[in-house]
Structure formats: structure tokens, C-alpha cells
Amino acid sequence: MFTRLVTKSLWVRRERLLISIIAVMLGAAMVTSLLTISLDIREKMGKELRSYGANLVVLPGEGEYINQFNATHNSIIGSVPFLYFKAEVNAKKIEFAGANLEAARKMNPWWHVEGLLPKGEEVLPGINAANKLGLKAGDMLSIGDKSFKVSGILDTGTSDDNRIFISMETAEQISGKSGATLAQVSVLGDIDDVIKYLENKGYKVKKIRQVAESEKALLDKTQLLMALVSFFVLSAASLSLFCTMITSVLERSREIGLMKALGCGNGRLAAIFLAEAGVMGVAGGILGYFVGLLLAQFIGMEIFDMQVSIKPEVFLLTLLISILVAAIASLLPIKRAISIDPVVILRGE
Amino acid sequence: MIIAKNLVKKYDTTCALKDASFTIEKGEWANIMGPSGSGKTTLLNLIGCLDSPTSGSLLVNGIETTKLGQKERTRFRRENIGLVFQQFHMIPHLTALENVMIAQYFHSIEDEKEAKEALVHVGMGHRLHHMPSQLSGGEQQRVCIARALINQPQIILADEPTGNLDKKNEEAVLDIFRELHSEGRTIVIVTHNPEIGEIGDKIIQISHGEVKY
């Protein structure tokens, strides 16, 4: 009977029910996306930070190039100098990066090479550069009057994808420059001591982690913004639910009075209204979860360039919050329902 | 058995019931009669534990109901009293059968078979799954009587039960009350109708809140 009472009562007020479900859905969607972004992207960002081989970038102190990068500090476990320059390929300006690519790959373990690392007269374009130039492994590429074979395609998920990688010797030959634009340095131990050491040697030093940390700061800000939006959307959903419930109680005061006259206790009456609110909470929560996942995916891709994964705990939390919002919103209407005097029924008011 | 002693009910400064004292024996049919605004419904509300008096004593089935709190009054009502209203009062989105079963649900557990039998008993076996809006006034009142009887209450309280019915339906409803009376139930009816007054065992006449009995 309880189920019949609740479902039939909701069915006769289905338009209003739908509006409330949509309101809860919007709130739940914000909560889902907030939780997914918070848990998933933070976790992935942490993993990415840990996977960074290099944690310092060394730049020339004076002049444009580091002629001979020479650093022998106990905490430095590896270094790779890079020579960056631009050259025209098929009438398009492309950035080249020359380096010891075996060493560079070790230092950047997330590099994914489809094919082989280049040797001698070979090049390794990043995936974006390859797409731009219509290149695939095995193709030939002309730079100036020289031809190079594409040994493979590099996918890093970073701005390196826009570059063409070549050996340091080839880079020096093509650019006519000698030395390195920068050096990536991998430090294990006291990073500040290494920075001091390198600065004393006349280099400029930047922490790579600062870049990642600025992304973390962006994540923190995005989270704060989403938390605020979630709060306001949930408040609005709660208000909408409150309006639906209070209108329902006012419209049904005769019905409530009758139920009380027939012996319905306050607990049972509260349970009926809580169940009605619960249906709105659960339905809105489930729908909101799926909408929220889409939103999280969009935010993940657009802002952090990362795909988010589905987390079951987010579903449970979203559902719990939606039900909680529904329960809180129905407290006053339930109090009002309980206060209805069954005498009104006999008075015919 | 219902024993009222010096019952007073005041609403702010208005005294709806003044020192009402009367006795209704078990199995008796008592009609509460009097002009509009005389306090008939107030008295019925007090007997039905829908309201509590300002002062006085009211023993219903041996229980001093004036001492009961709101929760106890609700429990007492669902276990001892069957209510029939002038305006029928059915839950509009429930069928006739469900409107009867709801009283079972509030009392203990619902029993569809028993609810159907109760409706058949009042001549509504062919309208079990009709919504209130699909029933005539007489049919709705018969559903309400079935609902009032479903938990086997000792006392049936009815407020103008035939007030909104035509002659034919009035007779049908009164027949049901006669049958209940013959089964030994205590019946208290608030009515303007002198014909009903003649049927009962006792008339409690009320005027300006004063019982003349």
C-alpha cells in the first residue's frame, strides 16, 4: 500500500515531479563532475608528476646557447641537452628539436614512439607535426636540399607533439648552430642544492614541477569554482524540491487530514512524504550522474587535456548527496503535513 | 460505551460545547441533532478523538480519552472508531478498493480479499477498481462506510452521512447502518434529518453548545 500511495501520488503530480527531478539532476551533475575531476584528474596528475624523469630545465645564463653542458653533481642522475630551431618544411614553419634521442626517451618515459627512434639521416616527427605535414613512418621528408626518412611517429601528449625530433648532430648541421637551447636535468635528492650548484655555474634554472604545479593550481581553482557552482545549483534544486513538496502538502491538506483521521501516525505520514522526495532524489541523482560524467569528460578534455575514468564511488556519493538534498528539502513540508489537524476533515474546510 | 461528563470545548473566546453530559450504551444508535452551529460536529470530533475538550471527562470503551496525547488518540481512533463523513472524503488518486485498503494499512496490514468482501457487503463489488471521480455520491458514501468498517471498530461515527445523497441512496446507506446496528455496533450519527432521528435509540439534542438529553 505504501508503494501504491507514493507512486500514485507522484504520478498525479508528474509535471511537477519532472521539474524537481531535473533540478536535482542539475545539482547531481555538478557534484558528479566535481567529484570525478577531483578524484580522477588529481590522481592522474599525481601519476604524471611522479613519472616525470626530468625535474629541472637548465637555460643558458648568457647568450643563446649552452655550448657544453657539463654538470657533475651527486644528485644529478641524468641530463639531455636540446637544440630547438625552426625550419621551413613544405612551406610550413616547423620547430625542430635535436637531442640524444635515446637519452631523451629514457628521461621522458611517457614518450610513445610508433616505429623507431631516428638514426643518421632520419627524423622523428611528433604526431601533430606528422599530421600537419601528412607524414607517416617510412615517408621521406625534405629539409632544405637534404632528404630524411621518417623513422617513426612520436606521441607525448605535450607540446613536443608539434616538433620534429632529430639527432643533435643533424640538428647542428641543419640549423648551422652549435650547442643546446636548454638541457633537461633529472635530479634525485636535494633539488635546491642542485639549483644552487647550476646557478653558480652561470646557468638559469627552472623547475619543471612548477609547470605541473601551476596545473595543480588550475585544478584547485576549477574545483573551487565547481564546488561553489555545485553548492548554488544544489541549493536551487533543494528550493525547487521544497516548493514541489510544500505545494503538494498544501494541495493535499484534506487528504492528509483524512489519512490522520483514519489513524495514520506522524511517522508513517512523514515516511510517505520522505519516500516521495526520495524518488525525486534518486531519479535526479541517477540522471545527474550520467550528465555529470559527460560534463567531467568535457572539462577534463578541454581544460586538463585528460580523459576521466568512471569511478563507482562517485556514483554512490552523488546518489547520497541527491537523497540528502531531497530529505533536507522535505523537512519543512513534512513538518507542515504533520501539523495538519484532522478536524478540518469533519468541519469540511 | 460512551460516557461524557461536563464536557467543555472552547475555541478562543467562543464556547462550542457547554457542560455536555450524556451516556451512549454499547450497541446503541444515538443521533446527535440540532441546528447548524450548535456544536454537533464538535461533539462528534471529541467522541472520535479528533479533538480534545477544554475540560470535562469522556470515557470511550472504558478509556478516559481526554487524558490521551496526540499519538495515543490517533492509535485509539484507528483501533476503536470508524468514521463516515458527509463529504465522503476519498483519496482521489486511489481506486475504491485502495481507499478501503488504506484504512487497513494504517491499522495493521492490508488484506485485499477482506477489503473486496467489505465492498461487496455494501453493494460495491462491481466498482472495486473505479476511481472516486467515476463513482456517484451514493457509491462513494458506500465505499466510505466499507472503509469505516474494515477494521471492525466497535463505534461508528457518522457526520451527516446522507446529507449529500438522494432518497434512494439515503435508504441504501441507512440500510447498511441498520444492519451494523443489528450486529451490535455502537452508532453515533450527526444529522439534521428527522427521519434518521426516528430510527435511532436515542437523540442527543444540542443547541448553542448545550446538550438537552
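## Cavities in the model

A cavity is a set of grid points where a 1.4 Å probe fits but cannot get out. This is a predicted model. By that definition, the structure holds 2 cavities of 30 Å³ or more.

## The largest cavity

The volume of the largest cavity is about 110 Å³. Residues of both chains appear in its lining. Chain A supplies A:A261 and A:L262. From chain B come B:R77, B:R78, B:I81, B:G82, B:L83, B:A103, B:R147, B:A148, B:N151 and B:P153.

Three elements of chain B give two or more residues each to this lining: α2 (70-80), β6 (81-84) and α5 (137-149). Which of them gives the most to the lining of the largest cavity? It is β6(B), with 3 residues. By class, the lining has 7 nonpolar, 2 polar and 3 charged residues. B:R77, B:R78 and B:R147 are the charged ones.

## The second largest cavity

The second largest cavity holds about 70 Å³ of space. Its lining residues come from chain A: A:S9, A:L10, A:R13, A:L17, A:T244, A:M245, A:S248, A:R252, A:E276 and A:M280.

Helices α1 (2-12), α7 (208-251) and α9 (266-303) of chain A each supply at least two of these residues. The most come from α7(A), which gives 3. Here the lining divides into 4 nonpolar, 3 polar and 3 charged residues. The charged group is A:R13, A:R252 and A:E276.

## The interface between chains A and B

How many residues of each chain are in contact with the other? The count is 26 in chain A and 27 in chain B. About 2,700 Å² is buried between the two chains. Carbon and sulfur atoms give 64% of that area.

Polar links also cross the interface. Between chain A and chain B there are 8 residue pairs in polar contact, both residues at pLDDT 80 or more. On the side of chain A that touches chain B, the elements giving two or more residues are α1, α8 (253-261), α9 and α11 (343-347). That side divides into 13 nonpolar, 4 polar and 9 charged residues.

## Salt bridges

Over all chains, the structure holds 21 salt bridges. Of these, 3 lie between chain A and chain B. Side chains of opposite charge can pair when their charged atoms come close.

A:R4 takes part in two salt bridges with chain B. One is with B:E98, where the closest N and O atoms are 3.0 Å apart. A:R4 lies in helix α1 of chain A and B:E98 in helix α3 (residues 96-107) of chain B, so this pair joins two chains. The other is with B:E112, at 3.6 Å from N to O.

## Where α1 of chain A appears

Helix α1 of chain A recurs in this account. It supplies at least two residues to the lining of the second largest cavity. It also gives two or more residues to the side of chain A that touches chain B. A:R4, which pairs with B:E98, lies in this helix.

Terms used. Residues are numbered from 1 along each chain as its sequence is written. Chains are lettered from A and ligands numbered from 1 in the order in which they are written. Side-chain values use heavy atoms; hydrogens and water are left out. On a 1 Å grid over the protein atoms alone, a cavity is a set of points where a 1.4 Å probe fits but cannot get out, and a pocket is an open set with protein on both sides within 12 Å along at least five of seven lines; lining residues have an atom within 4 Å of a point. Grid points are joined across faces, edges and corners, and a volume is the space filled by probe spheres set on the points. Helices (H or I, at least four residues) and strands (E, at least two) are DSSP runs, numbered from the N terminus. Contact means heavy atoms within 4.5 Å. Buried area is the accessible area (1.4 Å probe) that two parts lose on being put together, summed over both. A salt bridge is a side-chain nitrogen of Lys or Arg within 4 Å of a carboxyl oxygen of Asp or Glu. A polar contact is a pair of N or O atoms within 3.5 Å; within protein, one must be able to donate a hydrogen and the other to accept it, and residues adjacent in sequence count only if both atoms are side-chain atoms.
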